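Q: I would like a close look at a single part of this model. Please start with one ligand and its surroundings, then work outward.

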Amino acid sequence: MSNSIVIVGAGVIGLTSALTLKKENKDLDITVIASHLPGDISINYTSPFAGANWQSFAGDDVEVQKIDEIGYHEFIRLADIPTSGVWKKKNVNCVTQKGWDDAQRDPKAFANWFDKLANSRVLEKNELVPGTVYGTVFDGVVISVPIYLSYLVQQCLEIGIVLQRIAPLKNIEDARALHHSGKKASLLINCAGLGVSRLNGLNDKKRTYAVKGQVVLVSNKIDHVICVEGAKHPNEMLYAFPRKEGGTIIGGCFLVDQWSSKEDKTITQRILGRAVRHIPQLIDPATGNPDHLDVVKVNVGLRPFREDGPRIERDSKRPWLIHAYGAGGGGYQGSYGFAEKVARLVRESKPEAKL
Ligand SMILES: Cc1cc2nc3c(=O)[nH]c(=O)nc-3n(C[C@H](O)[C@H](O)[C@H](O)COP(=O)(O)OP(=O)(O)OC[C@H]3O[C@@H](n4cnc5c(N)ncnc54)[C@H](O)[C@@H]3O)c2cc1C
Ligand SMILES: *[C@@H]1O[C@H](CO)[C@@H](O)[C@H](O)[C@H]1NC(C)=O
């Protein structure tokens with residue numbers, strides 16, 4: 001096999017895949033092409049809008065559990081590297097009376113496959129956040145995504161991966177001709193995120209769709225991650241991630257099949273209301289915060305979901321094409337697991353040298 005690879009997409013999945021491949025095999029000659037790169041802000045580019053923390057949604061799905069477990073270890077390790085923008089933080093998860101009743105007051109409903117991995121325990125009554133009745137805490141991480149994405153870019157450039165901005169592709173196959181060497185790439189890796197919904201040539205029977213999220217960046221500070229389930233509005237919850245460089249990301253909502261980039265101001269108000277109700281220290285001057293929420297900006301992002309979960313596989317018709325998209329709400333926590341699967345598929349491509 002010649003060693004030229006084109007990766008479509010410079011989101012967390014494309015960049016992590018590029019980095020993992022090149023670290024494993026220095027002889028690979030990799031071009032990452034994308035219409036959006038770190039630093040850009042667009043509704044067609046999800047990665048800059050994430051919170052982000054590690055809190056696996058794998059449930060009973062053993063495949064996704066494996067993907068997320070790889071990410072857990074990797075992000076814990078990255079927390080020791082100051083330039084990565086990752087830090088270790090306690091993750092507190094609580095539930096309101098409504099959420100507790102909805103779950104038939106069954107603690108098992110709040111148990112996770114990763115409880116042992118992440119050192120989870122049930123909170124004492126006096127540790128619960130205001131307005132909640134049950135909760136757990138585990139050892140997690142927060143990823144400051146603007147810093148982390150530029151860290152990934154720096155890592156890629158340092159080891160000789162070429163990044164190139166392009167106009168949006170119409171057909172995934174067109175990317176194969178865009179290797180920086182000018183030669184046709186021997187492998188093409190599709191990490192186009194939600195962009196696949198507008199790409200031809202995918203050979204995918206499953207649909208990829210947006211789940212809209214809205215997050216508010218405030219300058220106010222908190223000590224650790226706090227999530228509260230059981231809001232009155234369906235598809236809404238509270239999560240707050242302290243960022244290492246200061247400020248807090250507050251969400252959230254989960255609006256299935258909503259593709260609009262427009263802020264819903266009533267949702268923003270509800271998000272901020274929940275934040276003040278459950279996390280009063282945010283506006284407590286005694287903790288060094290202003291007496292109000294100091295909003296820096298409101299971001300709307302579209303999570304790239306796919307029916308039946310992510311697609312990480314070789315194309316059934318074109319052996320030179322590998323797909324890695326559909327990360328949904330877990331693209332950061334899953335990124336190293338995605339990349340490792342991609343790397344395995346690339347290793348397995350070797351026998352097809354004649355392509
Ligand atoms: C509000 C919110 C909160 C989130 N919180 C978390 C969290 O706490 N933890 C977590 O793990 N995840 C979180 N996520 C999910 C995470 O952000 C995504 O899963 C992840 O960013 C997806 O990355 P990606 O690389 O697949 O896609 P993207 O970041 O969208 O990248 C796609 C890339 O492909 C390129 N592209 C697409 N189509 C084309 C085309 N036709 N031609 C050329 N280039 C193209 C784009 O330009 C871009 O470079 C959150 C998401 C949102 C919106
Ligand atoms: C997002 O992509 C679609 C399809 O390519 C395009 O019509 C739209 O203008 C893009 N939106 C932005 C804000 O770039």
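Which polar backbone atom lies 2.8 Å from an oxygen atom of ligand 1, and in which residue?

A: This is a predicted model. The residue you ask about is glutamine 333: a polar atom of its backbone is 2.8 Å from an oxygen atom of ligand 1. Tyrosine 332 also takes part through its backbone, with a polar atom 2.9 Å from an oxygen of ligand 1. Asparagine 53 adds a backbone N or O atom at 3.0 Å from a ligand oxygen. With the protein around it, ligand 1 has 97% of its accessible area covered, out of 1,000 Å² on its own.

Now the shell. Ligand 1 is surrounded by 37 residues. The closest are His36, Ser47, Leu169, Gly328 and Gln333. Glutamine 333 is thus one of the closest residues as well as a backbone polar partner of the ligand. By class, the shell holds 20 nonpolar residues, 16 polar ones and 1 charged one. Three elements each supply at least two shell residues: α1 (12-24), β10 (236-242) and β13 (295-306). Strand β13 gives the most, with 3 residues.

Serine 47 deserves its own paragraph. It is one of the residues closest to ligand 1. It sits in the loop between β2 and α2. Its relative accessible area is 9%, so serine 47 is buried, the cut-off being under 20%. Leaving aside residues up to four places away in sequence, serine 47 touches Gly11, Val12, Val145, Leu149 and Tyr332. One of those contacts, Tyr332, leads back to the ligand, as the backbone of tyrosine 332 has a polar atom 2.9 Å from an oxygen of ligand 1. UniProt, in an unreviewed entry, places the feature "binding site" at Thr46 and Ser47.

Threonine 46 is the other residue of that UniProt feature. It is found in the loop between β2 (29-34) and α2 (62-78). At a relative accessible area of 22%, threonine 46 is partly exposed, because buried means under 20% and exposed means over 50%. Beyond residues up to four places away in sequence, threonine 46 touches Leu302, Arg303 and Pro304. Strand β13 spans 295-306.

The same UniProt entry type covers a wider stretch. An unreviewed entry places the feature "domain: FAD dependent oxidoreductase" at residues 5-345. Over residues 5-345 the chain is 22% helix and 27% strand. The C-alpha atoms at the two ends of that stretch are 13 Å apart.

Ligand 2 has its own surroundings. The residues around it are Ser42, Ile43, Asn44 and Arg198. By class they divide into 1 nonpolar, 2 polar and 1 charged. Asparagine 44 has a side-chain N or O atom 2.2 Å from an oxygen of ligand 2. For arginine 198, a side-chain N or O atom is 3.4 Å from an oxygen of ligand 2. Ligand 2 exposes 360 Å² when taken alone, and the protein buries 36% of that.

Next, two threonines that both touch Val216. Threonine 248 is in strand β11 (residues 248-253). Its relative accessibility is 0%, so threonine 248 counts as buried. The side chain of threonine 248 reaches the backbone oxygen of asparagine 220 at 2.7 Å. Not counting residues up to four places away in sequence, its contacts include Val216, Leu217, Val218, Ala240, Phe241, Pro242 and Leu282. Threonine 248 and valine 216 are 32 residues apart along the chain, yet their C-alpha atoms are separated by 8.1 Å.

Threonine 268 lies in helix α5 (residues 265-278). At 4% relative accessibility, threonine 268 counts as buried. Its side chain makes a polar contact with the side chain of glutamine 214 at 2.8 Å. Outside the residues up to four places away in sequence, threonine 268 touches Gln214, Val216, Glu263 and Val298.

Last, alanine 118. It lies in the loop between α3 (97-102) and β4 (121-122). At 0% relative accessibility, alanine 118 is buried. It touches Tyr72, Phe138 and Asp139, not counting residues up to four places away in sequence. Alanine 118 and valine 95 are 23 residues apart in sequence, and their C-alpha atoms are 19 Å apart in space.

Key:
Residues are numbered from 1 along each chain as its sequence is written. Chains are lettered from A and ligands numbered from 1 in the order in which they are written. This is a predicted model: local features need pLDDT of at least 70, side-chain atom pairs count only at pLDDT 80 or more; totals for chains, interfaces and linings use all residues. Side-chain values use heavy atoms; hydrogens and water are left out. Helices (H or I, at least four residues) and strands (E, at least two) are DSSP runs, numbered from the N terminus. Buried means under 20% relative accessible area, exposed over 50%, partly exposed in between (1.4 Å probe, protein chains only). A polar contact is a pair of N or O atoms within 3.5 Å; within protein, one must be able to donate a hydrogen and the other to accept it, and residues adjacent in sequence count only if both atoms are side-chain atoms. Contact means heavy atoms within 4.5 Å. UniProt positions are given in the numbering used here, feature names are shortened, and annotations may be inferred rather than shown by experiment. A residue is near a molecule or strand if one of its heavy atoms lies within 4 Å of it. Accessible areas come from the Shrake-Rupley method with a 1.4 Å probe; for residues, only the protein chains shown count as cover. Ala, Val, Leu, Ile, Met, Phe, Trp, Tyr, Cys and Pro count as nonpolar, Asp, Glu, Lys and Arg as charged, and the others, Gly among them, as polar.
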